[in-house]
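Good morning, and thank you for the time on today's agenda. I should like to walk you through one protein chain, from its overall plan down to single residues.

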Amino acid sequence: MKNKYIEAFEKAQKADKEVPEFRAGDTLRVAIRIKEGEKTRVQNFEGVCIVRRGESVNQTFVIRKIGANGVGVERIFPIYSDSIESITVLRRGRVRRARLFYLRELRGKAARIKELKK
């Protein structure tokens, strides 16, 4: 049983956020609001979701992309963060695991994920 103040806070956090349905294996584009000095800008981070964990307002997800010179870059995002402008699902992946940490060891074509057919 949760405290009524905590429940009210969580409800307020979820109220204004529109979160699409996604899971591990999906390719996402996350638009993040970045503040530099007095200016703010939106930067996209695009990659494969390798894990989604947590519950309620404490949910996070990890996105992995291949950056410059073939270096893997992973970022952890809280789903209900104020700095996230939008989450867009680009592709649905067909995977048999909920956590795709094995992608860290794979390179090139071996790291591809098949697309889910509708």
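I shall begin with the chain as a whole, then take the helix, the sheet, the interior and, at the end, one residue after the last strand. Please keep in mind that this is a predicted model.

Let us start with the overall plan. The chain contains one helix and five strands. In sequence order, the pattern reads α-β-β-β-β-β. The C-alpha trace spans about 50 × 40 × 25 Å along its principal axes. Of the 118 residues in the chain, 30% are buried. If we take the contacts between residues at least 6 apart in sequence, 51% of them join residues at least 24 apart.

Now to the helix. H1 covers residues 4-15, which makes twelve residues. From its first C-alpha to its last, H1 reaches 16 Å, close to the 16 Å expected at 1.5 Å a residue. At the N-terminal end, Asn-3 acts as a cap for H1. A side-chain oxygen of Asn-3 lies 3.0 Å from the backbone nitrogen of Tyr-5.

How many of the twelve residues of H1 are buried? The number is one, so H1 lies largely in the open. A residue to look at in this helix is Glu-10, which is found in H1. Glu-10 has a relative accessibility of 13% and therefore counts as buried, the cut-off being under 20%. Setting aside residues up to four places away in sequence, Glu-10 touches Lys-2, Ser-56 and Val-57.

We turn next to the sheet. Five strands form an open sheet in the order E4-E3-E2-E1-E5, and the pairing is antiparallel. Which strands stand at the edges? They are E4 and strand E5, residues 84-91; each has a single partner strand, so one side of each is left without a neighbour in the sheet. From one strand to the next, the twist averages 40°.

Let us follow the sheet through two of its pairings. Strand E2, residues 39-53, pairs with E3 in the antiparallel sense over five bridges. Here Arg-53 stands opposite Thr-60 in E3. E2 and E3 form a hairpin with six residues between them. In that turn, Gly-54 has a positive phi of about 95°.

The second pairing joins strand E3, residues 60-66, to strand E4, residues 72-78. This pairing is also in the antiparallel sense, and it runs over seven bridges. Ile-66 stands opposite Gly-72 in E4, and Arg-64 stands opposite Glu-74 in E4. The hairpin of E3 and E4 has five residues between the strands, and there Asn-69 takes a positive phi near 60°.

Is E3 mostly covered or mostly open? E3 is mostly covered, since five of its seven residues are buried. One general point helps when you view any strand: in a regular strand, side chains alternate between the two faces of the sheet.

This brings us to the interior. The largest nonpolar core has 14 residues, and those touching the most other members are Phe-22, Leu-28, Val-30, Phe-61, Ile-63 and Phe-77. Strand E1, residues 27-36, together with E2, E3 and E5, are the elements that give two or more residues to this core. E1 gives the most, with three residues.

Phe-61 deserves a moment of your attention. Leaving aside neighbours within four places in sequence, its contacts include Phe-22, Leu-28, Val-30 and Phe-77. Other partners of Phe-61 include Cys-49, Val-51, Arg-75, Ile-84 and Ile-87. There is also a second, separate core of eight residues, and among them are Ile-50, Val-51, Leu-100 and Leu-103.

The final residue is Ala-98, located in the segment after E5. Is Ala-98 buried or exposed? Ala-98 is exposed, with a relative accessible area of 57%. Beyond its neighbours within four places in sequence, Ala-98 is in contact with Ala-24, Ile-50 and Val-51. The C-alpha atoms of Ala-98 and Gly-25 are separated by 8.2 Å, although the two residues are 73 residues apart along the chain.

To close, I would ask you to retain two points. H1 lies largely in the open, with one of its twelve residues buried. E3, by contrast, is mostly covered. Thank you for your attention.

Technical notes: Residues are numbered from 1 along each chain as its sequence is written. This is a predicted model: local features need pLDDT of at least 70, side-chain atom pairs count only at pLDDT 80 or more; totals for chains, interfaces and linings use all residues. Side-chain values use heavy atoms; hydrogens and water are left out. Helices (H or I, at least four residues) and strands (E, at least two) are DSSP runs, numbered from the N terminus. The expected span of a helix is 1.5 Å times one less than its number of residues. Buried means under 20% relative accessible area, exposed over 50%, partly exposed in between (1.4 Å probe, protein chains only). A polar contact is a pair of N or O atoms within 3.5 Å; within protein, one must be able to donate a hydrogen and the other to accept it, and residues adjacent in sequence count only if both atoms are side-chain atoms. Contact means heavy atoms within 4.5 Å. Two strands pair if DSSP finds at least two bridges between them. Axes are lines fitted to C-alpha atoms, for helices over the stretch in contact, and angles run from 0 to 180 degrees between N-to-C directions. A nonpolar core is a set of buried Ala, Val, Leu, Ile, Met, Phe, Trp, Tyr and Cys residues joined through side-chain atoms within 4.5 Å.
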